[in-house]
Amino acid sequence: MHPTLAADLDQLPELLQSVRDFAARELSGLGERPVATAAKAPDAGPLPVAGVGAQGALERFAERWEPGFSGSAGPRYLGFVTGGATPAALTGDWLTGAYDQNGSSGGGSTADALERETLDWLRELFGLGEAHRGAFVSGATMSNTVGLAVAREWLGERRGVSVSREGVAALGPVHVLSGSPHSSVTKALSFLGVGRDRLRPVPLLGGAREAVDVGRLAEALEALDGEPAVVVANAGTVNTVDFDDLRAIAALKERYDFWLHVDAAFGAFAALSPAHAPLVDGLDAADSICVDLHKWLNVPYDAAVQFTRRQDLQVRVFHNESPYLGVPTGTPAFLHLTPENSRRLRALATWFSLTAYGREGHAEIVERCVALARRLGEGISAVPGLRLSAPVHLNVVCFTLADDPTPERLEALAGAVAGSGEAFLTPTVLHGTPALRAAFSNWRTTEADTDRVRDALARAVRGLSTAGGV
Ligand SMILES: *Cc1c(COP(=O)(O)O)cnc(C)c1O
């Protein structure tokens, strides 16, 4: 063994203690460190030849890289839809590395059974029935990709073609219909060989709404004249957290032949709040479902889950058996279900957080985030120079400048807030008008944090006007 490696092995308990102390310092200061950094990254260094050992690497990291890392795990990073890591989730994540199980199959371990237990818990948490089977994947993009891959195989089944054997070219034209799909849906369609341009936008309800007009969806399906299609329903849009009427869309299945995929990346968490659960009524009727876990469940990156009623088709797409042995039967190992073969035991962080806090603890995070979004929405309405772009439906506040909301002025506003170190918000465009979004999904965020974000915004707006209109 290399002497440095041997020394690290000898010192492993001390090393873990030292990392623990380092991480504890970082996490206890998280609420006060700048939320975003404008620091320039250090110049890339050469490949180390003689290594410095793990303690030495920790020191180099602290010196060169740590100062430029964001406070994105903290309470006032409201950009994109960004979760943190609950204490139990972090515990599970550390142990994922420590045990380093390959979650692809049993392989002499019960780790895969832990993933199945966790999947059952998630299914119940989101109100899905027994017919749904799932697997952990790395994020909602991959979850949408797996769901749409199964949809593609289903289209083949309807047309008497095995896409997994004959290729997507054998399938003929594919019709994908959606109202306000996330950008990852077109990415998935590109990746799956279906093509980004096959996504046909369906008109929305109008006004500030981002939900699909179900009547117009029915017309689009009617126009297909019996051709099978894929409908991507959106349960929680990123701008305004609007929800398609899942029940009404599912009811169209009586008249039209389509696969229903629901992107409920973070919207599925509405199921944890009695007041908001009706938003995801009908989710169980979907053929495939995407839910992100590194957002509102607050487990570390990277984790999401996919569910489908047709795991048989999923196995056809992803199975890793030799063609001579055929398609696996019984309970398929995870390597037959996901794009990866070898994979980390992602379920462990989720298992820890659900075990530690249960449905009630996670429901409290959801309810609090929704209440805080509403609070910030009210605060923003009272700040001169700002206005809400849409009512606050759930956990995202979408707002813009009352006067002259150009992309440049909004960028300047977001830049001033980020530069203050107080908060981080990300830009968007809602129905043609540039806007900013503040998304609440971190377990740490409090009312005091929310008021700090409002104050930082108010200062930044005043700065914009005194700077003479950027
Ligand atoms: C975040 C998000 C995605 C993509 O999620 P990743 O985890 O970044 O891959 C897809 N759909 C919706 C609705 C999202 O909010």
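**Figure 1. Polar contacts of the ligand.** In this predicted model, a polar side-chain atom of Thr141 lies 2.6 Å from an oxygen atom of the ligand, and an N or O atom in the side chain of Asp263 is found 2.7 Å from a nitrogen atom of the ligand. The protein covers 83% of the 380 Å² of accessible area that the ligand has on its own. The backbone also takes part in this view, since a polar backbone atom of Ala140 is 3.0 Å from an oxygen atom of the ligand.

**Figure 2. The shell of residues around the ligand.** The ligand is surrounded by 14 residues, of which Thr141, Asp263, Asp292, His294 and Lys295 come nearest. Sorted by class, this shell holds four nonpolar, seven polar and three charged residues. Helix 6, which spans residues 140-159, supplies the largest share of the shell, namely three residues. As for the open spaces of the protein, the ligand sits in the second largest pocket.

**Figure 3. The largest pocket and its lining.** The largest pocket holds about 840 Å³ of space, whereas the ligand sits in the second largest pocket. The lining of the largest pocket is made up of 28 residues, and those that lie nearest its centre are Glu26, Leu27, Phe69, Ala73 and Leu90. Helix 2 (12-28) and helix 4 (87-99) each contribute at least two residues to this lining. By class, the lining of the largest pocket comprises 15 nonpolar, eight polar and five charged residues.

**Figure 4. The largest cavity.** Rolling a probe the size of a water molecule over the atoms shows where empty space is left. In this model the count comes to three cavities of 30 Å³ or more, and the largest cavity has a volume of about 60 Å³. The residues that line the largest cavity include the run Val299, Pro300, Tyr301, Asp302 and Ala303, together with Asp93 and Thr96. Arg344, Leu345, Arg346 and Ala349 also belong to the lining of the largest cavity, which by class has six nonpolar, one polar and four charged residues.

**Figure 5. The second largest cavity, with a lining to which helix 6 gives the largest share.** About 50 Å³ of space lies in the second largest cavity. Its lining consists of Leu148, Ala151, Arg152, Leu155, Val174, Val176, Leu189, Leu192, Val194 and Val230, and four residues of this lining come from helix 6. By class, nine of the lining residues of the second largest cavity are nonpolar, none is polar and one is charged. Helix 6 thus appears in two of these views, as it also provides the largest share of the shell around the ligand.

**Figure 6. Backbone geometry at Asp302 and Asp225.** Most residues other than glycine have a negative phi, and most peptide bonds are trans. The peptide bond from Tyr301 to Asp302, however, is cis, with omega near 0 degrees. Asp302 is placed in the loop between strand 6 (288-292) and strand 7 (304-308), and both Tyr301 and Asp302 are among the residues that line the largest cavity. Asp225, although it is not a glycine, has a positive phi of about 60 degrees. The loop that contains Asp225 runs between helix 9 (214-223) and strand 4 (229-234).

Methods: Residues numbered from 1 in each chain as written. Predicted model: local features only at pLDDT ≥ 70, side-chain atom pairs only at ≥ 80, totals over all residues. Heavy atoms only, no water. Near = heavy atom within 4 Å. Polar contact = N/O pair within 3.5 Å; in protein donor to acceptor, adjacent residues only side chain to side chain. Areas by Shrake-Rupley, 256 points an atom, 1.4 Å probe, with all protein chains shown as cover. 1 Å grid on protein atoms, 1.4 Å probe; cavity = no way out; pocket = protein on both sides within 12 Å on 5 of 7 lines; lining within 4 Å. Sits in = over half its atoms within 2 Å of the grid points. Nonpolar A, V, L, I, M, F, W, Y, C, P; charged D, E, K, R; others polar. Points joined across faces, edges and corners; volume = space filled by probe spheres on them.
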